[in-house]
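Trainee: I am new to this structure and would like a close look at a single part of it, the enclosed space inside the protein, together with whatever helps me to place it. Could you take me through it slowly?

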Amino acid sequence: MDFLTDQDAKKYQEDGYLVLDGLLSPAECDELRLRMGEIVDGMDVPQHCRIQFSTNHDEQLKTQGNADYFITSGDKIRFFFEKGVFDDKGDFTVPKERSLNKIGHALHAYEPLYKTATHSPKIQGIAKKLGLKSPVILQSMYIFKQPGIGGEVTPHQDATFLHTEPLGRVMGVWIALEDATLDNGCLWFIPGSHNNGITRRMVRTPEGTYPLTDFVGREATYDDKLFIPAPVKKGGVVLIDGEVVHKSEQNTSKKSRHVYTFHIMESQKTQWSPENWLQPTEELPFPALYTK
């Protein structure tokens with residue numbers, strides 16, 4: 001039996017998102033979390049993260065370091081921290097495993113367990129059911145949403161950052177490795193908002209200029225009352241249309257909300273914008289989702 005039914009596919013197309021239980025078993029979730037614990041244990045903290053501001057020049061160096069580190073992370077596994085987790089000497093103010101916001105953006109390529117989860121028969125089946133002919137994997141992230149400090153993610157559309165012509169070719173796959181609840185910062189969506197296009201794009205700036213990226217256009221303002229929460233149990237998945245408006249609140253609870261998420265693009269008759277921050281490289285062209 002198909003993991004994604006015809007009815008599910010119709011609901012995804014109508015709402016722009018879909019919650020499905022049971023993509024991964026609890027044991028598979030624990031395995032991914034365990035491996036991530038090992039990655040964090042072996043983490044070298046990038047030097048620019050430890051620079052503390054004492055002058056405007058230092059602030060600029062840190063900002064530029066962060067920007068370089070981010071924009072070149074598409075084919076690497078890199079570490080991104082929550083605000084305020086380093087003291088003025090550049091040492092952690094929290095246990096290091098509680099310091100991270102996310103790790104990205106090529107877990108799907110270089111980490112065997114994550115690669116297996118990304119290319120799983122269920123994921124391939126979802127893509128086929130949705131009619132994707134030549135889907136490729138753009139990027140992947142492990143998001144921690146730390147207890148107490150996991151920051152809010154303001155309303156946005158993924159196509160702002162991952163732009164294609166035509167639009168409508170990108171889908172996020174958001175896998176809950178722990179229960180995502182109202183208390184620990186589950187996703188919220190505006191159903192049907194994927195039909196209204198996008199109002200803002202993040203683009204690369206001309207080479208040699210800072211900042212390295214800039215925004216064109218403005219994020220629309222959204223009525224809070226339109227957002228519907230999408231809690232999901234451990235092992236469940238949320239499919240996210242690239243244009244649907246979504247957000248998550250700060251995690252004020254004592255529980256983390258670990259997630260493995262990646263983005264897929266239908267590459268057939270699609271142009272990936274050369275202005276996107278994320279670009280395929282010789283080392284890592286966007287890999288095909290379907291494995292022979």
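Mentor: What follows begins with the enclosed space, moves to an open pocket, and then takes up some individual residues.

Please keep in mind throughout that this is a predicted model. When the whole structure is searched, one cavity of 30 Å³ or more is found, and the largest cavity holds about 40 Å³ of space. Its lining is made up of G74, D75, H108, I137, L138, Q279, P280, T281, L284, F286 and P287, and by character these lining residues fall into six nonpolar, four polar and one charged.

One of the lining residues, I137, leads on to A288, since I137 is among the residues in contact with A288 once neighbours within four places in sequence are left aside, the others being H119, P135 and V136. A288 itself sits in the segment after β15 (271-272), and it counts as partly exposed because its relative accessible area is 44%. Between A288 and L107 there are 15 Å from C-alpha to C-alpha, although the two are 181 residues apart in sequence.

It helps to set the cavity beside an open space, the second largest pocket, which contains about 260 Å³. Of the 13 residues that line this pocket, Y12, L130, L132, G168 and D241 are the closest to its centre, while α1 (6-15), β7 (170-176) and β14 (259-266) are the elements that each give two or more residues to the lining. The lining of the second largest pocket divides into six nonpolar, four polar and three charged residues.

Turning to the cysteines, you will find zero disulfides in the structure. For C29 the reason is distance: the closest cysteine sulfur, in C186, is 17 Å away from its own, which is too far for a bond. C186 is likewise in no disulfide, with the sulfur of C29 as its nearest cysteine sulfur. C29 counts as buried because its relative accessibility is 0%, and C186 is also classed as buried, at 1%, where the cut-off for that class is under 20%.

The backbone deserves the same care, and two cis peptide bonds can be pointed out. G104 and H105 are joined by a cis peptide bond with omega of about 10°, and H105 lies in strand β3. Y210 and P211 are also joined by a cis peptide bond, here with omega of about -5°, and P211 is placed in the loop between β9 (200-204) and β10 (213-217).

Positive phi values appear in two lysines. In K145, phi is near 45°; this residue belongs to the loop between β4 (135-143) and β5 (153-156), and it counts as buried because its relative accessibility is 4%. In K269, phi is about 55°; this residue is found in the loop between β14 and β15, and it counts as exposed because its relative accessibility is 72%.

Last comes T93, which is located in the loop between β2 (77-81) and β3 (100-105) and is partly exposed, with a relative accessibility of 45%. Not counting residues up to four places away in sequence, T93 touches G84, V85, F86 and D87, and its side chain reaches the backbone oxygen of G84 at 3.2 Å. The C-alpha atoms of T93 and E82 are separated by 11 Å, with their positions 11 residues apart along the chain.

Technical notes: Residues numbered from 1 in each chain as written. Predicted model: local features only at pLDDT ≥ 70, side-chain atom pairs only at ≥ 80, totals over all residues. Heavy atoms only, no water. Helix = DSSP H or I, 4+ residues; strand = E, 2+ residues; numbered from the N terminus. Buried < 20%, exposed > 50% of the residue type's maximum accessible area, 1.4 Å probe, protein only. Contact = heavy atoms within 4.5 Å. Polar contact = N/O pair within 3.5 Å; in protein donor to acceptor, adjacent residues only side chain to side chain. 1 Å grid on protein atoms, 1.4 Å probe; cavity = no way out; pocket = protein on both sides within 12 Å on 5 of 7 lines; lining within 4 Å. Points joined across faces, edges and corners; volume = space filled by probe spheres on them. Nonpolar A, V, L, I, M, F, W, Y, C, P; charged D, E, K, R; others polar. Disulfide = S-S within 2.5 Å.
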